[in-house]
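User: I'd like to go through a model with you, one question at a time. Can you walk me through the reasoning as we go?

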Amino acid sequence: MTRYLALLTTALLLAGCQNLVSHSPDQTSAPEQKPATVPAPPETYGSFREDTLYDLLVAELAGQRNRFDIALANYLEQAKSTQDPGIAERAFRIAEYLGADNSALETAVIWARNAPDNLDAQRAAAIMLARAGRYDESMIHMEKVLQGQGDTHFDFLALSAAETDADTREGLLKSFDRLQTKYPDNGQLLFGKALLLQQDGRVDEALKLLDSQPAAKREVAPLLLHARMLQSLGRSEEALPLLEQGIKQHPDDKRLLLAHARLLVEQGELDKAKQEFADLVAQFPDDDDLRFSLALVCLEAEAWTDARTYLDELVQRGSHVDAAHFNLGRVAEELNEPEQAMAEYALVGPGSDYLPAQQRQAELLMGQGRFDEAKRLLAQSRQQQPDYAIQLYLLEAESLTNNGQPEASWDILQQGLKQYPNDLNLLYTRAMVAEKRGDLAQLEKDLRFILAQDPNNAMALNALGYTLADRTTRYAEARTLIEKAHQINPNDPAILDSMGWINYRQGQLEQAERYLREALERFPDAEIGAHLGEVLWAQGKKDEAREVWATAAEQASDNAVLRSTLKRLTGSETL
């Protein structure tokens, strides 16, 4: 931007001299080529007053010193004063760069009004007006773009209307209908209208529109939208031939090829998907997003050697490096190369894959009984990445608990809470470890502290309520806590399980069964299955209870709650 403003200063000075001396266009020198994102100066300049030239020169000097606020203020004032399309365009570009939406709107409208044949100006005005919710005015400019055979942004118009009121959306739809009558074969218009219908929840109408219009089968954008809507409705088997038909018409369109490959993954056609992604990488060798997608498909297909090849390529190319190292660690684990896996995980830097990589290293070490090494590793990580310290304490506590070290887990949480005494996540985790240690007083103390700070913390409400229902006879208090959690998160399977359990404890078996069935449907879990089986057993439905327990055992035969339930009710930990 600074370079652009500096060049413009020279151009304006030259233009000013030309206008003072001569109006002959032959004396206007060609400007230096600019970056693609910056508009080239106009080939001709209007005659400006001395005060206008002074303001523009000040704006350029301000721009060179990164005072874009002054540059914008001067350009905006002169755009309004002169109504010159070149000045208005530059004012718009600066406003757009700064994210000054009001100024961008005002200058885009000035630019479009004074350059009626400029499609970029009309498109800019349409988008800014739509962003401001002035859809009828926006459509006027969009129609000018249509008349000029330019690319419109009807998708943006539709998306921008998604959060408006129903009357505004309906008005915009009428404008789309009017334009579609005049331009029935315009795929961009069709796409925008279908998208607006989808955003309005009228998916069936959108699909009917796309089915009825030839442009929807001929042009890529509406075709992709059609396929996505079918997928969202669970009708992927209809989307697949639609995309295949589109690929026949547009065999080199990356968007169609990628959508088809992803749909194959969704449908479990991993070998076909792998081949399509490999073809895409061959066709677009510089697209590392495609290469990463191919590596992930290979992982899903358990083609470990191929996955390693593509992930190594990403590392060599310096693209998706952390994700590549993390997944190389996964590959090494699958190939029973634990040391190589830890080496790869150790190379993952801060970001979305950092904590999972730390966890896998800790789990691998603890799984080999190398607890001291795991502790040193995580302590060093906390020193090196202090922003992740709390998460690393939580990670270490969880790994120690999972590996049968509840006392060590307790100790590391105590250490973490000395450093972060009021962290709610550490307190909640300590409460869960306290429950495993049989220390219900500490559990209640920690959860009560959390609820004092955050009374609507559904996790804490549910954890305390369930513990009181399961481990004490304080049923009324437990119900109050669980019902409050249920009001906050009515579809949470853990809370539904607690609702079932408190009803069971209070003898309301039918209610208990209803809640537990809903919980199990939402989240097939061995502990929920153990609870539902117990309720069925109490109702005399012993065969059905055994069926539920058998399914739960298939998922997690070593689940402690399931084993203890079976032992208590049937006399054996297995069926």
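User: Let's start with glutamine 83. Where does it sit in the chain?

Analyst: Keep in mind that this is a predicted model. Glutamine 83 has a phi near 55 degrees, a positive value in a residue that isn't glycine. Its relative accessible area is 25%, and since partly exposed covers the range from 20% to 50%, that's its class. As for its place, that's the loop between α3 (68-82) and α4 (85-98).

User: And histidine 320, which loop is that in?

Analyst: Histidine 320 also isn't a glycine, and its phi is positive at about 50 degrees. It's partly exposed, with a relative accessible area of 30%. The loop that holds histidine 320 is the one between α18 (304-317) and α19 (321-334).

User: How many residues of α17 are buried?

Analyst: Helix α17 runs over residues 288-300 and reaches 18 Å from its first C-alpha to its last, close to the 18 Å expected. Among its buried residues are Leu290, Phe292, Val297 and Leu299. The buried residues pack against α15 (254-266), α16 (270-283), α18 and α19. The helix is mostly covered, with a buried count of 10 of its 13 residues.

User: Which residue caps the N-terminal end of α17?

Analyst: Look for a side-chain oxygen by the backbone nitrogen of aspartate 289: there's one 3.0 Å away. That oxygen belongs to the capping residue, aspartate 287.

User: What kind of aromatic pair do phenylalanine 68 and tyrosine 97 form?

Analyst: The structure holds six aromatic pairs, and this is one of them. Phenylalanine 68 and tyrosine 97 have 5.7 Å centre to centre and 75 degrees between the planes. The pair links helix α3 to helix α4, with the two residues 29 apart. Planes over 60 degrees apart count as edge-to-face, so that's the type here: edge-to-face.

User: Then why does the pair of phenylalanine 326 and tyrosine 345 count as tilted?

Analyst: Phenylalanine 326 is in helix α19 and tyrosine 345 in helix α20 (residues 338-346), 19 residues apart. Both are buried. Their ring centres are 5.6 Å apart, and tilted means neither under 30 nor over 60 degrees, so what settles it is the angle between the planes: 50 degrees.

User: Last one: which residue lies over the face of tryptophan 410?

Analyst: There's a similar question for phenylalanine 284, where lysine 254 lies over the face at 4.6 Å from the ring centre. For tryptophan 410, the distance to the ring centre is 4.1 Å, and the residue is arginine 437.

Technical notes: Residues numbered from 1 in each chain as written. Predicted model: local features only at pLDDT ≥ 70, side-chain atom pairs only at ≥ 80, totals over all residues. Heavy atoms only, no water. Helix = DSSP H or I, 4+ residues; strand = E, 2+ residues; numbered from the N terminus. Buried < 20%, exposed > 50% of the residue type's maximum accessible area, 1.4 Å probe, protein only. Expected span 1.5 Å × (residues − 1). Contact = heavy atoms within 4.5 Å. Polar contact = N/O pair within 3.5 Å; in protein donor to acceptor, adjacent residues only side chain to side chain. Phe/Tyr/Trp six-rings, centres within 6.5 Å; stacked < 30°, edge-to-face > 60°. Lys NZ or Arg CZ within 6 Å of the ring centre and 35° of its normal.
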